[in-house]
Amino acid sequence: MTEPPIYVTSPLLPSLDDFSSSLKEIWESAILTNNGSFHKKLEKELATYLKVPYLSLFTNGTLPLITALQAMRITGEVITTPFSFVATTHALWWNGIKPVFVDIEPTTCNLDPDKIEAAITPRTTAIMPVHVYGKPCNTKRIQEIADKYGLKVIYDAAHAFGVEVNGESILKAGNMSTLSFHATKVFNTLEGGALIMHDEQTKKRIDYLKNFGFANETEVVAPGINSKMDEVRAAFGLLNLKIVDQAISKRRQTAIQYREILATVPGVTFFEDMPKVRHNYSYFPIFINENIYGMTRDELYIKMKEHNIWGRRYFYPLISTFSTYRGLESAKPENLPIATEMANKVICLPMHHALKENDIERILKLIMNNG
Ligand SMILES: *Cc1c(COP(=O)(O)O)cnc(C)c1O
């Protein structure tokens, strides 16, 4: 008898009736894209929800990364983390920028500020950190280094929807931040994303760039791309925005249940909440010390699969090990000991709004029953 599958995530879905009503409105207006009323409304409501003055919607979470680098004319070398989803480094590559990998801190899996300065060269123009698993980077230290060397900072905040430090949005850090609204993320618009900037002029420039560079009907001011969000996705997002807080509090409850039991399992470690941080519980990574736990990470991963529990080894393998990047000097495992270790120990447990009590019990029982 196989038990029903439990996946690492499950997309947040609005009520089909509500979505049908929105579709009816779109049909009646016959406006499908190009900054229509749903697009305008979602930009406004998201800016309010996220507590940021400006934001620009995109068709996914990768294009805002690429566009941010274009908008700031970033060239040369950019310091970044190997412990992320490949899109972070790919965005640099697509701009002809050389990624320089710097190791992470074991306490958060984020870029280690203490190791950034040693990687700066005369060609360095920016730092691109990631708030991995939605855990805030040390934005203060990173900004100090950036200011000292005259570097820009672009945060890949794909995991950090709604994350706040001291009541302030993490998206205010650096020159710009990007979000992903992919189906697997805490808040989704099917596919989608956003770029967060801090002034009106930059917002205008980004809005041109995401629409081929058109400033008006006849003027193209820059070699832009097409990465606008359409009306259907914006309508979907508006409905999901109404239920995302409920989803985050369900995730929080699950995290509390996981931690309570996993604290009793030798060889399994996990992150606690950080003080003064509003977390979004986007992922629940655990780290396996095979000597103490009595089983390797991959043995546990396979055992979970055999029981139809689909965890994911985010972020294994490291970006720096992929064929495009592994030839870089900074990609050598000796340069990235902590990232290499964490990537070899991690499994992200299923974490989403639709997990049932029985699912959580099944997962915890399996992890406790090691050896
Ligand atoms: C999901 C993700 C992206 C890319 O977002 P898409 O919307 O899938 O293009 C970028 N960076 C990180 C860290 C991600 O997890």
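These are my notebook entries on salt bridges in a predicted model.

Entry 1, the count. I began with the general point that side chains of opposite charge can pair when their charged atoms come close. Going through the model, I arrived at 22 salt bridges, and I then looked up several of them one by one.

Entry 2, Arg123 and Glu77. I found these two side chains meeting in a salt bridge, with 3.0 Å from N to O. Arg123 sits in the loop between strand E4 (98–101) and strand E5 (124–128), while Glu77 belongs to strand E3 (residues 77–80), so the pair ties together parts that are 46 residues apart in sequence. I noted Glu77 as buried, because its relative accessibility is 3% and buried means under 20%.

Entry 3, Arg259 and Asp273. Here I read 2.9 Å between the closest N and O atoms of the salt bridge. The pair links distant parts of the chain, 14 residues apart, with Arg259 in helix H7 (residues 231–262) and Asp273 in the loop between strand E11 (268–270) and strand E12 (277–278). For accessibility I wrote down Arg259 as buried at 14%, whereas Asp273 is partly exposed at 33%.

Entry 4, Lys345 and Glu341. The closest N and O atoms of this salt bridge are 2.8 Å apart, and I placed both residues in helix H10 (residues 337–345), four residues apart, which is about one turn of the helix. Lys345 is partly exposed, with a relative accessible area of 23%, and Glu341 also counts as partly exposed, at 37%.

Entry 5, a network. Lastly I followed salt bridges that share partners, and these join Glu43, Lys203, Asp207 and Lys210 into one network.

How values were computed: Residues are numbered from 1 along each chain as its sequence is written. This is a predicted model: local features need pLDDT of at least 70, side-chain atom pairs count only at pLDDT 80 or more; totals for chains, interfaces and linings use all residues. Side-chain values use heavy atoms; hydrogens and water are left out. Helices (H or I, at least four residues) and strands (E, at least two) are DSSP runs, numbered from the N terminus. Buried means under 20% relative accessible area, exposed over 50%, partly exposed in between (1.4 Å probe, protein chains only).
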